[in-house]
Amino acid sequence: MKKIFEQGEFKNYSQHNLNEARASIKKSYQFSETKTTIFISHKHDELENLKDILGFLEKNFDVKVYIDSKDPSLPTITSGETASRIKKRINDCDKFILLATNGAIESKWCNWELGFGDAKKFEKNIALFPMKPAETSDWSYKGSEYMSIYPYITFFDGSETDIDGNFVPKGYYIFTDKKDGTYITSFKEWLLEK
């Protein structure tokens with residue numbers, strides 16, 4: 001099972017135009033479209049990683065992603081108004097995913113968004129997408145202790161078995177570690193649960 005992905009691992013999915021992802025989630029998406037909407041919290045100076053993940057999610061799972069970096073409807077200088085609008089965007093989306101790079105983990109804005117996402121989406125509709133620098137060991141990943149309470153995206157290669165000895169099909173999953181055990185849900189199924 002892969003718990004931490006590498007920066008650049010999803011570059012084949014890279015989406016060069018982020019403009020549509022910067023448009024606010026409109027009510028029409030929520031009521032007339034069947035697409036799941038996702039707020040992706042991310043470090044703003046890591047747009048290359050974000051382009052890869054955005055393309056991966058939209059091409060493989062047919063979702064609508066929102067990102068706040070360079071959203072033209074947000075104030076040009078961050079302020080309380082910025083925070084209020086981001087809160088609305090998180091509320092308007094079905095899911096919250098933190099692109100949990102080392103930079104995002106250290107970012108005060110990403111941590112603030114994770115806290116708000118926790119209040120609104122925990123635990124059914126929130127997940128981490130752990131990502132370390134390319135070609136480094138898992139030890140170089142800075143994931144904080146408190147982040148272990150959140151479900152996170154994983155990949156099973158088809159060789160692992162579950163508690164009953166059945167092979168887990170190859171694919172992406174949401175992994176949740178609880179006091180009474182660990183649980184996995186197909187990422188696709190998780191996206192459909194609203």
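A hairpin links strand β7 to strand β8 through 2 residues, a good place to begin a walk through this predicted model. β7 covers residues 171-178 and β8 covers residues 181-186; the two strands run antiparallel and are joined by 6 bridges. Within this pairing, aspartate 177 of the hairpin region faces threonine 182 in β8.

Two helices are worth a visit next. Their lengths and end-to-end C-alpha distances are set out here.

| Helix | Residues | Number of residues | Expected span | C-alpha end-to-end distance |
|---|---|---|---|---|
| α3 | 47-61 | 15 residues | 21 Å | 20 Å |
| α4 | 80-92 | 13 residues | 18 Å | 19 Å |

For α3, the reach of 20 Å is close to the 21 Å expected at 1.5 Å a residue. For α4, the 19 Å between the end C-alpha atoms agrees with the expected 18 Å.

How is α3 placed in the structure? Buried here means under 20% relative accessible area. Because 11 of its 15 residues are buried, α3 is largely enclosed by the rest of the structure. Among the buried residues are Leu47, Leu50, Ile53, Leu54, Phe56, Leu57 and Phe61, and the list also includes Asn49, Lys51 and Asp52. Just after α3 comes aspartate 62, which has a positive phi, near 50°.

Turning to α4, a side-chain oxygen of serine 79 comes to within 3.2 Å of the backbone nitrogen of glutamate 81 at the start of the helix. Further along, the buried residues of α4 are Thr82, Ala83, Ile86, Arg89, Ile90 and Asp92.

How values were computed:
Residues numbered from 1 in each chain as written. Predicted model: local features only at pLDDT ≥ 70, side-chain atom pairs only at ≥ 80, totals over all residues. Heavy atoms only, no water. Pairing = 2+ DSSP bridges. Helix = DSSP H or I, 4+ residues; strand = E, 2+ residues; numbered from the N terminus. Expected span 1.5 Å × (residues − 1). Buried < 20%, exposed > 50% of the residue type's maximum accessible area, 1.4 Å probe, protein only. Polar contact = N/O pair within 3.5 Å; in protein donor to acceptor, adjacent residues only side chain to side chain.
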